[in-house]
Amino acid sequence: MAQNPDLIPVDGGPSLRDLELSLTDGAMGARTVRFHFTSMVDQRTKGDMYMVMQVNGLRRIGMDYDNWEVKGVAETPHGRREVVVEYNTKSRFGGVGVYSV
């Protein structure tokens, strides 16, 4: 999958089944998924960061069954934001775009 340079790189996240369940199974309340990315805290230190997201949309990108656009809402340091993740469920890599709600 081509990486969009405007997106924050993701280097770990849910399986396709977890994404499907977070979108469709609300019997026990809202299900969330977690994406992992590494953030530069300063020039010498990297920090592990996670984004917890409530999925409200899942769309396949192109004809590849592994590439997905995942839409939802996440808590950020700046409050609740709409997020879009371009994500490959096979490699578990992708990118996050954050938007105002």
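**Charged pairs and a few polar details**

Arg31 is partly exposed, with a relative accessible area of 36%. This value, like every other one in this passage, comes from a predicted model. The partner of Arg31 is Asp25: their side chains meet in a salt bridge, with 2.9 Å from N to O. Asp25 counts as partly exposed too, because its relative accessibility of 24% falls between the limits of 20% for buried and 50% for exposed.

A helpful idea to keep in mind here is that side chains of opposite charge can pair when their charged atoms come close. How many salt bridges does a search of the whole structure find? The search gives 5 salt bridges, and the pair of Arg31 and Asp25 is one of them.

Another salt bridge can be found in helix α1, which spans residues 16-24. Here the side chains of Glu20 and Arg17 come together, with an N to O distance of 3.8 Å. Glu20 and Arg17 are 3 residues apart, and this spacing is about one turn of the helix. Turning to their surroundings, Glu20 is partly exposed at a relative accessible area of 32%. Arg17, with 52%, is exposed, because the cut-off for that class is over 50%.

Further along the chain, Lys71 forms a salt bridge with Glu69, and the closest N and O atoms lie 4.0 Å apart. Is Glu69 buried or exposed? Glu69 counts as buried, with a relative accessibility of 14%, whereas Lys71 is partly exposed at 36%. This pair also belongs to a network: Arg59, Glu69 and Lys71 are joined by salt bridges that share partners.

Contacts between side chains can also be looked at beyond the salt bridges. Asn67 lies in strand β4, which covers residues 67-76. Its relative accessible area is 9%, so Asn67 counts as buried, the limit being under 20%. Which residue does the side chain of Asn67 reach through a polar contact? The partner is Asn88, and the contact between the two side chains is 2.8 Å.

The last stop is a detail of the backbone. Most residues other than glycine have a negative phi. Arg92, in contrast, has a positive phi near 65°, although this residue is not a glycine. Where does Arg92 lie? Arg92 sits in the loop between β5 (79-88) and β6 (93-100). With a relative accessibility of 32%, Arg92 counts as partly exposed.

Key:
Residues numbered from 1 in each chain as written. Predicted model: local features only at pLDDT ≥ 70, side-chain atom pairs only at ≥ 80, totals over all residues. Heavy atoms only, no water. Helix = DSSP H or I, 4+ residues; strand = E, 2+ residues; numbered from the N terminus. Buried < 20%, exposed > 50% of the residue type's maximum accessible area, 1.4 Å probe, protein only. Polar contact = N/O pair within 3.5 Å; in protein donor to acceptor, adjacent residues only side chain to side chain.
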